[in-house]
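Reader: Could you take me through the sheet in this one, and how everything around it is arranged? A close look at that single part would be great.

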Amino acid sequence: MKVYITYDRYEHNEWFSVYHISLDKEESIKHCKEVDLVNFLSYGPDDCHSFQLVEVELTKKQYEQLLKWYNEDTQSLESYGDRSSDYYKFMYDLYNGQ
């Protein structure tokens, strides 16, 4: 299934910050422009950030797992930067096109 994810990657994969996850392309683009980008720019990130909206192919199981991580505790930066976590590995592979 096609999944649209808006996220921020800090410099050398120190952490990932997911802003939005959706199955709807138009809704994702609108949300990215009107909400996510505004929120991202509001905290004045430095030049080490990579903000992006990506379209990826995920299995239903991967999608459900990503939503679970997103809805649990991944809103804290500590979760994003734990390189041993399955969530971090998933986002790292996503960013690196694996």
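Author: Sure, let's start with the sheet itself: three strands make an open, antiparallel sheet, ordered S2-S1-S3. Strands here are DSSP runs of E with at least two residues, helices are runs of H or I with at least four, and both are numbered from the N terminus; two strands pair if DSSP finds at least two bridges between them. S2 (15–22) and S3 (49–57) sit at the edges with a single partner strand each, so one side of each has no neighbour in the sheet. From one strand to the next, the twist averages 25 degrees. Angles are taken between N-to-C directions and run from 0 to 180 degrees, with axes fitted to C-alpha atoms, for helices over the stretch in contact.

This is a predicted model, where local features need pLDDT of at least 70, side-chain atom pairs count only at pLDDT 80 or more, and totals for chains, interfaces and linings use all residues. Residues are numbered from 1 along each chain as its sequence is written, and side-chain values use heavy atoms, without hydrogens or water.

Now the S1–S3 pairing: S1 (residues 2–10) runs antiparallel to S3 over nine bridges, and Tyr 7 faces Gln 52 in S3. Helix H1 (residues 25–42) packs on the sheet and touches S1, S2 and S3 (contact: heavy atoms within 4.5 Å); the direction of H1 makes about 140 degrees with that of S2. Helix H4 (residues 86–95) also packs on the sheet, touching S1, S2 and S3, at about 80 degrees to S2.

Zooming in on S3, Val 54 belongs to that strand. Leaving out residues up to four places away in sequence, Val 54 touches Val 3, Tyr 4, Ile 5 and Tyr 7.
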